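A fresh page in the notebook, and a new structure to walk through. I will jot down what I looked up, in the order I looked.

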Amino acid sequence: MLTYFFLVVAILLQTIPIILAIRLIRTAQSRMTWILISIGFSVMAFRRLIELFIMLKNPDLSATEWYTSLIDITISVLIIASLIYLNRILKSIRAADNERYESEIRFRTLFNNSSDELFLADLDGNFLEVNKEVCNRLGYKREELLKMNFADIKTPRYVNQVRENIEMIIQNGTHIYESEHLTKEKKILSLEMSSRIIRYKAQKIIFTIARDITERKEFERKVLSAVIEAEERERKRFAKELHDGLGPLLSTVKIYLNEIYSEDIEPDEKSNLIKYTNELLDDAVSNIRTISDNLMPTVITDHGLIKAIESFAKKINLAGKIHFTFSHTGFTSKLDINLEMVLYRITEELINNTLKHAGAVNAAASIEVNGKKLVLNYSDDGVGCIVNELLLNSREGMGIKNIISRSKTINGAYTFGNTLPGFKFRLEVYLK
């Protein structure tokens, strides 16, 4: 009777692995393997079922079979436990595969929809993958680029730096540098390259983001050109003041001195020449002081920005061409001398633009300091102007270009009102 019980239990337990194996067919990647395993378990259970029918027909054979059924039960239990754990492992692997697949889809979506050029390259600079933006910018097909190297798209100016940059990336893990790419149509693109080492498909590769800075470079070139032109204009103005103002005075002094040493003039006339010479020398000293103040206002170094602008406003108002008001709040101490000089020159350029071009009656400037933030506001009631690319690209916008270039030197955030009539300018600077 015990043999029949163990045999029935063995048959029932051997059906469980069949069910588990069939369920694993849906989870496992190799379905044929689990189909064959299911068939094997089915054959084992069928064999035990045949033995049960034989024993029922011939009871004499059952006396020695109970221990084999017990062994089959033990094996079935172990197989069931193994299959349960294996099912959990396969589910985890399947979930990880799904997550990796979704991550690859997200990566591919971001990769191909980025507005920057994205490159995947091996440690020799050979392209492994590029996004659509690279193809659009460079004019090559993806298949063409995957046969190329970074050196193949560099301009002659930067081609010799490819190996050096790759070595820097490998050594430091990351590297940011500027470069130039040459399109299929031989157009030059200025780029800021940000590269780092990443793992991709079980190997170390270089992931590079290339951001187009062609427009920024062009704007920097224009700003630099504006600065150089402004410096040249200042030099010409300085030379003209020396030539037209100081030059004639000193020439006249020389003439008077030569006359004083002449033996043909009377003592009274000589005394007058000495008097005139002293007056000319006083004019020359005053002229030098004016030129010096134009180059470097001493009132800034001696008394600071606020006194300098107030003194400048007083001179503007005395001329009677325009009414200029200046106010300030939160100013408790002097700033860095270079910052004060730039702010003074910006204010000076703003009021000069108003005097030359605006036809304004009133102008106002204010400086507000709030903690680490300084704000300069300027406005006038003149005809105004719209500050755009057209103006900045023309020769008429020199004053505005000077204001922009000076603002950039102090990392200032500037805005123009761009509403007519009138003119408005705002500059924000964060103090150290």
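Before starting, a cut-off for my own use: I call a residue buried when its relative accessible area is under 20%, and exposed when it is over 50%. I also keep in mind that this is a predicted model.

**Entry 1: overview**

I began with the whole protein. I found 13 helices and 10 strands in its secondary structure. Of its 432 residues, 38% count as buried. I then looked at contacts between residues at least 6 apart in sequence, and 58% of these join residues at least 24 apart.

Next I checked the confidence. The mean pLDDT is 78, with 67% of the residues at 70 or more. Among the elements, β8 has the highest mean pLDDT, 94, and helix α12 (residues 389-393) the lowest, 62.

**Entry 2: helix α6**

Which residues of helix α6 are buried? In this helix, which spans residues 162-172, I noted Val162, Asn165, Ile166 and Ile169. Looking down the axis of α6, I see the buried residues fall within an arc of 100 degrees, so they line one face of the helix. Glu164 and Gln171, on the other side of α6, are exposed.

What covers the buried residues of α6? The cover includes the strands β3 (174-182), β4 (188-200) and β5 (203-212). Just after the helix, Gly173 has a positive phi of about 90 degrees.

**Entry 3: the β3-β4 hairpin**

I followed the chain into the strands. β3 and β4 pair in the antiparallel sense, over nine bridges. Leu182 stands opposite Ile188 of β4. The hairpin has five residues between its strands, and in it Lys186 takes a positive phi near 65 degrees.

**Entry 4: the largest core**

How many residues does the largest nonpolar core have? I get 41, and the residues with the most contacts inside this core are Tyr378 and Phe425. At least two residues each come from α10 (305-319), β6 (323-329), α11 (337-358), β7 (362-370), β8 (373-380), α13 (398-409) and β10 (423-430). Helix α11 gives the largest share, nine residues. There is also a second, separate core of 21 residues, including Val130, Tyr140, Leu145 and Ile169. I met Ile169 above as one of the buried residues of α6.

A general reminder to myself: nonpolar side chains tend to be buried together in soluble globular proteins.

I then picked a residue in α11, Thr347. Thr347 counts as buried because its relative accessibility is 2%. Beyond its neighbours within four places in sequence, Thr347 is in contact with Ile309, Phe324 and Leu376.

**Entry 5: Phe425 and the rings**

Back to Phe425. Leaving aside neighbours within four places in sequence, its contacts include Ile346, Leu350, Leu376, Tyr378, Ile403, Tyr414 and Phe416. Asn377, Ser407 and Thr415 are also in contact with Phe425.

How many aromatic pairs does a search of the whole structure find? The count is nine. One of these is formed by Phe416 and Phe423, a tilted pair with 6.1 Å centre to centre and 55 degrees between the planes. Both partners are inside my cut-off: Phe416 counts as buried at 15% relative accessibility, and Phe423 counts as buried at 10%. Lastly, I traced the ring pairs that link Phe324, Tyr378, Tyr414, Phe416, Phe423 and Phe425 into a cluster. Phe324 in that cluster is also a contact of Thr347.

Methods:
Residues are numbered from 1 along each chain as its sequence is written. This is a predicted model: local features need pLDDT of at least 70, side-chain atom pairs count only at pLDDT 80 or more; totals for chains, interfaces and linings use all residues. Side-chain values use heavy atoms; hydrogens and water are left out. A nonpolar core is a set of buried Ala, Val, Leu, Ile, Met, Phe, Trp, Tyr and Cys residues joined through side-chain atoms within 4.5 Å. Buried means under 20% relative accessible area, exposed over 50%, partly exposed in between (1.4 Å probe, protein chains only). Helices (H or I, at least four residues) and strands (E, at least two) are DSSP runs, numbered from the N terminus. Contact means heavy atoms within 4.5 Å. The arc is that of the directions from the helix axis to the C-beta atoms. pLDDT is the predictor's confidence in each residue, from 0 to 100. Rings of Phe, Tyr and Trp (its six-membered ring) pair if their centres lie within 6.5 Å; planes under 30 degrees apart count as stacked, over 60 as edge-to-face and the rest as tilted. Two strands pair if DSSP finds at least two bridges between them.
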